[in-house]
Amino acid sequence: MSTPAPTSVSQESTRRRLSAQQAETVAKLTDAAVEVLRTEGFDGLTVRAVAKLAGVAPATAYTYFSSKSHLVAEVFWRRLAEGVPEPDPELSTTDRVVALLRSVALIVTGDGDLGGAVTVALLGTDPDVEHLRLRIGGFIRRQLAAALEVDPENPGPVVEALEMLYAGGLVHAGMGHMSYEDTADRLTEAALLIMRDKR
């Protein structure tokens, strides 16, 4: 199991700020969740099974995660926050947008059922999932606004169209209609259409 990187993301939780030891426990749980998803899929995922694999008491796991959907949403949030780079100022606006959408689409590749699990989890009604859904949406909006060099508080129709594009693409991939690699390619093609007047 990996230990958390010394970033603000590894020290935070939906419910509270984490100490270094608590952050390590959460990292063990999120790593274990990915392992359980690989072998059991989302239907077979339980917080108890994840806790057992992580070597954490179930009661402790539940202090951090209210449900399996909350746990999967946290995995996705951490991957986004730690794995999606800031837009490269050396690139053109269009290339920054394309690079961002590709990195978001590919963030769950290679981990079995993680992508489909993320789709199901983020559509849940758990209040902790709702909190993460808003955090994830805000992150994507800020990244798109930075790529386009616009105000994230008033991003305009291009950012909104790109938000709809990536959200629809990820749901489409999460439902198994195409691979995440193919989704990244389709997102690129669609983003180029949206951005053609920005070149």
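## A walk through an all-helix model

Helix H4 covers residues 68–83, and its 16 residues should span 22 Å at 1.5 Å a residue; the C-alpha atoms at its ends lie 22 Å apart, so expectation and model agree. That is a good place to start, and it helps to know from the outset that this is a predicted model. Many residues of H4 are hidden from the surface: the buried ones are Ser69, His70, Leu71, Val72, Ala73, Glu74, Val75, Phe76, Trp77, Arg78 and Leu80.

Now step back and look at the protein chain as a whole. Its secondary structure amounts to nine helices and zero strands, and from the N terminus on the order reads α-α-α-α-α-α-α-α-α. The chain has 199 residues, of which 46% count as buried. About 9,900 Å² of the chain is exposed, with carbon and sulfur atoms supplying 52% of that area. Among contacts with a separation of 6 or more, 68% join residues 24 or more positions apart.

For an example of such a distant pairing, go to helix H1 (residues 20–44), where Thr25 is found. Is Thr25 buried or exposed? Its relative accessibility is 17%, and since buried means under 20%, Thr25 counts as buried. Setting aside residues up to four places away in sequence, Thr25 touches Val56, Thr60 and Tyr64. Thr25 and Ala51 are 26 residues apart in sequence, while their C-alpha atoms are 9.7 Å apart in space.

Next, follow the chain on to helix H7 (127–148). With 22 residues at 1.5 Å each, H7 should span 32 Å, and its end C-alpha atoms are 32 Å apart, so here too the two values agree. Its buried residues are Asp128, Val129, Leu132, Arg135, Ile136, Phe139, Ile140, Gln143, Leu144, Ala145, Ala147 and Leu148. A general point helps in reading a list like this: an α-helix has 3.6 residues a turn, so residues three or four places apart point the same way. You can trace that spacing in the list, for instance through Leu132, Ile136 and Ile140. Which elements do the buried residues of H7 pack against? They pack against H4, H5, H6, H8 and helix H9 (180–195).

Ile136 gives a close-up of this packing. The residue is found in helix H7, and because its relative accessibility is 6%, Ile136 counts as buried. Leaving out neighbours within four places in sequence, Ile136 is in contact with Ala73, Phe76, Trp77, Leu80 and Leu122. Four of these names may look familiar, as Ala73, Phe76, Trp77 and Leu80 appear among the buried residues of H4. Ile136 and Phe76 are 60 residues apart in sequence, yet 8.6 Å separates their C-alpha atoms in space.

Just past H7 comes Glu149, in the loop between H7 and H8. Glu149 has a relative accessibility of 64%, over the 50% cut-off, so this residue counts as exposed. Its backbone deserves a look as well: phi of Glu149 is near 60°, a positive value in a residue other than glycine. For context, most residues other than glycine have a negative phi.

Another loop residue to visit is Ser92, placed between H4 and H5. At 38% relative accessibility, which falls between the 20% and 50% cut-offs, Ser92 counts as partly exposed. Ser92 and Leu148 are 56 residues apart in sequence and 9.3 Å apart in space, C-alpha to C-alpha. Leu148 is one of the buried residues of H7.

The tour ends at the largest pocket, which holds about 410 Å³ of space. It is lined by 21 residues, and those closest to its centre are Leu122, Tyr166, Ala167, Leu170 and Val171. Leu122 has come up before, as a contact of Ile136. Where does the lining come from? Helix H5 (93–105), helix H6 (114–122), helix H7 and helix H8 (157–174) are the elements that each give two or more residues to it. H8 supplies the largest share, seven residues. By class, the lining has 15 nonpolar, three polar and three charged residues.

Conventions
Residues are numbered from 1 along each chain as its sequence is written. This is a predicted model: local features need pLDDT of at least 70, side-chain atom pairs count only at pLDDT 80 or more; totals for chains, interfaces and linings use all residues. Side-chain values use heavy atoms; hydrogens and water are left out. On a 1 Å grid over the protein atoms alone, a cavity is a set of points where a 1.4 Å probe fits but cannot get out, and a pocket is an open set with protein on both sides within 12 Å along at least five of seven lines; lining residues have an atom within 4 Å of a point. Grid points are joined across faces, edges and corners, and a volume is the space filled by probe spheres set on the points. Helices (H or I, at least four residues) and strands (E, at least two) are DSSP runs, numbered from the N terminus. Ala, Val, Leu, Ile, Met, Phe, Trp, Tyr, Cys and Pro count as nonpolar, Asp, Glu, Lys and Arg as charged, and the others, Gly among them, as polar. Buried means under 20% relative accessible area, exposed over 50%, partly exposed in between (1.4 Å probe, protein chains only). Contact means heavy atoms within 4.5 Å. Accessible areas come from the Shrake-Rupley method with a 1.4 Å probe; for residues, only the protein chains shown count as cover. The expected span of a helix is 1.5 Å times one less than its number of residues.
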